[in-house]
Amino acid sequence: MSIQLANRSIKYPIGVCENLLVKVDLWHVITYGDFPPIQYNPETKKDETVSFDKQNDDLKKKLAKNNEAKMVIYNALPRKEYERIFMCKTAKEIWDTLLITHQEEESIDNAFARFNTIITSLKALDEGFSSKNYVRKFLRALHPKWRAKVTAIEESKDLTSLSLDELIGNLKVYEVIIKNDSEMVKGKREQNRSLAKKE
């Protein structure tokens, strides 16, 4: 998913967002929709819609996640993208609109830049946000075209001691190999088409 961020195009893999937003309990709101203003009534023994003045503190905190999820998305978007989604009423509606609009693959540099942007935003929201398992989170978030390489890294490296910089370097080398292979195959196809036209 490609989005203009800070005057450059950045692609947002769903997995990165999911892995990181789970930490602050916003991913549920983004994927399933807003938490409803419902709480259990012990008198009727049923869940009931509750007006704001009768909501307990736990419910109010839960409902605040609805707006917090929207704000996280709004703050990550440049004006051009904001104009596409400003009429959306829920974080889920915003996310679905962005998913439909941007369905592309991305480079490791773009994925890593976005990963860092998201991590920085999450640290600002939650001082206790842990940097543990960044390598695992980043690997899980990569586009499916990376599955073979991810599996190879998981099997050959100790992920607990592998630095994020070392991982990115490894993936960038692999990305260059894939790109060169793709260009070589494309060149051979063009050469075969030229030969076929001459015959």
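**Notebook: burial, helix α3 and ring pairs**

I began with helix α7 and listed its buried residues, where buried means under 20% relative accessible area, exposed over 50% and partly exposed in between, with a 1.4 Å probe and protein chains only: Tyr134, Val135, Lys137, Phe138, Leu139 and Ala141. That makes 6 of the 8 residues in α7 buried, and I noted the helix as mostly covered.

The model is predicted, with local features needing pLDDT of at least 70 and side-chain atom pairs counting only at pLDDT 80 or more, while totals for chains, interfaces and linings use all residues. Residues are numbered from 1 along each chain as its sequence is written, and side-chain values use heavy atoms, with hydrogens and water left out.

**Whole chain**

I counted 9 helices and 4 strands; these are DSSP runs numbered from the N terminus, helices being H or I of at least four residues and strands E of at least two. Along the sequence the pattern reads β-β-α-α-β-β-α-α-α-α-α-α-α. Of the 199 residues, 36% are buried.

I then looked up contacts, meaning heavy atoms within 4.5 Å. Among those between residues at least 6 apart in sequence, 57% join residues at least 24 apart. The accessible surface, from the Shrake-Rupley method with a 1.4 Å probe (for residues, only the protein chains shown count as cover), is about 12,700 Å², and carbon and sulfur atoms hold 51% of it.

**Helix α3**

Helix α3 covers residues 57-76, 20 in number, and spans 28 Å from first C-alpha to last. I compared this with the expected span, which is 1.5 Å times one less than the number of residues; the expected value is 28 Å, and the helix comes close to it.

Where does α3 bend? The bend is at asparagine 66 and amounts to about 25°, taken as the angle between axes fitted to the seven residues ending there and the seven starting there.

At the N-terminal end I found a cap: a side-chain oxygen of asparagine 56 lies 3.2 Å from the backbone nitrogen of aspartate 58. I used the polar contact rule here: a pair of N or O atoms within 3.5 Å; within protein, one must be able to donate a hydrogen and the other to accept it, and residues adjacent in sequence count only if both atoms are side-chain atoms.

The buried residues of α3 are Leu59, Leu63, Asn66, Ala69, Lys70, Val72, Ile73 and Tyr74. I checked two of them. Asparagine 66 has a relative accessible area of 8% and is therefore buried. Its side chain reaches the backbone nitrogen of phenylalanine 35 at 2.8 Å. Leaving out residues up to four places away in sequence, asparagine 66 touches Val29, Asp34 and Phe35. Valine 72 counts as buried because its relative accessible area is 19%. The C-alpha atoms of valine 72 and leucine 125 are 9.1 Å apart, with their positions 53 residues apart along the chain.

**Ring pairs**

I paired rings of Phe, Tyr and Trp (its six-membered ring) if their centres lie within 6.5 Å, with planes under 30 degrees apart counted as stacked, over 60 as edge-to-face and the rest as tilted. The count by this rule is 4 aromatic pairs. Phenylalanine 112 and phenylalanine 138 have ring centres 6.2 Å apart and planes at 85°, so I entered the pair as edge-to-face. The pair links distant parts of the chain, 26 residues apart: phenylalanine 112 is in helix α6 (residues 108-125) and phenylalanine 138 in helix α7 (residues 134-141). Both phenylalanine 112 and phenylalanine 138 are buried. Tyr74, Tyr82 and Phe86 are linked into a cluster by ring pairs.

**Lysine 45**

Last, I looked at the loop between β3 (38-41) and β4 (46-49), where lysine 45 sits. Phi of lysine 45 is near 55°, a positive value in a residue other than glycine. Is lysine 45 buried or exposed? Lysine 45 counts as exposed because its relative accessibility is 63%.
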